[in-house]
Amino acid sequence: MRWLKQLQFEGRGKGGERPTILVDGDTKVATSPVELLLLAAATCTASDVVIILQKQRVQLEALDIDVQGTRRDDEPRRFTAIAFHFRVRGEGADDVKVRRAIDLSIEKYCSVIASLAPDIPISYDVTIA
């Protein structure tokens, strides 16, 4: 991570070979660190869900996730709840398979969610097209 100006920073992954990303604490020109945390949780669980659904022989066509976090009003403005909305489309996708994949990710596999404070409730709902 390297400071650029104001509250803008650029960073890159381990090894320095990955593309740089811009992070903005003021959210004027880029995603904020707190938004990145939500995106990381959504991407982590999405990766697990894709792998699990593939193992369940679901022919996944689309996976979209909306994620919303509720934060404290007082500092530190940490998350007090996180809610996901999964939209899944694919041959063989049904409520049982999709919810099983999401449950496994949230409860067992997603390292980002596992790294959050254990008192943060994680909820989700699902739309299957």
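1. Starting with the small details: F9 has V23 in β3 as its bridge partner. That contact belongs to the pairing of β2 (residues 8-11) with β3, where 4 bridges join two strands that run antiparallel. Keep in mind throughout that this is a predicted model.

2. Zooming out one step, β2 is the middle member of an open sheet of 3 strands, in the order β1-β2-β3, with antiparallel pairing. The edges are taken by β1 (2-5) and β3; each has a single partner strand, so one side of each has no neighbour in the sheet. On average, neighbouring strands here are turned by 35 degrees against each other, direction ignored.

3. Then there's the second sheet. It is also open and has 3 strands, this time ordered β4-β5-β6, but the pairing is mixed. Its edge strands are β4 (59-71) and β6 (122-128), each of which pairs on one side only. The average turn between neighbouring strands of this sheet is 15 degrees, again ignoring direction.

4. Within that second sheet, have a look at β4 against β5 (residues 79-91): the two pair in the antiparallel sense, over 12 bridges. If you want a spot to click on, L60 stands opposite G90 in β5.

5. On the surface, L4, L22 and V29 make a nonpolar patch of about 230 Å². V29 sits in the loop between β3 (21-24) and α1 (33-55). Going by the strand ranges, L4 falls within β1 (2-5), and L22 within β3 (21-24).

6. What about the cysteines: how many disulfides does the count come to? The count is 0. As for exposure, C44 has 14% relative accessibility and C110 has 1%; since buried means under 20%, both qualify as buried. C44 also lies in the range of α1 (33-55).

7. Finally, the overall picture. The protein has 3 helices and 6 strands, and along the sequence they follow the pattern β-β-β-α-β-β-α-α-β. Set beside the sheet orders, β1-β2-β3 make up one sheet and β4-β5-β6 the other. Of the 129 residues, 28% are buried. Taken along the principal axes, the C-alpha atoms fill a box of roughly 50 × 35 × 25 Å.

Notes: Residues numbered from 1 in each chain as written. Predicted model: local features only at pLDDT ≥ 70, side-chain atom pairs only at ≥ 80, totals over all residues. Heavy atoms only, no water. Patch = residues over 30% accessible without salt bridge, like charges linked within 9 Å, V, L, I, M, F, W, Y side chains within 5 Å. Areas by Shrake-Rupley, 256 points an atom, 1.4 Å probe, with all protein chains shown as cover. Salt bridge = Lys/Arg side-chain N within 4 Å of Asp/Glu carboxyl O. Disulfide = S-S within 2.5 Å. Buried < 20%, exposed > 50% of the residue type's maximum accessible area, 1.4 Å probe, protein only. Pairing = 2+ DSSP bridges. Axes fitted to C-alpha atoms, helices over the stretch in contact; angles between N-to-C directions.
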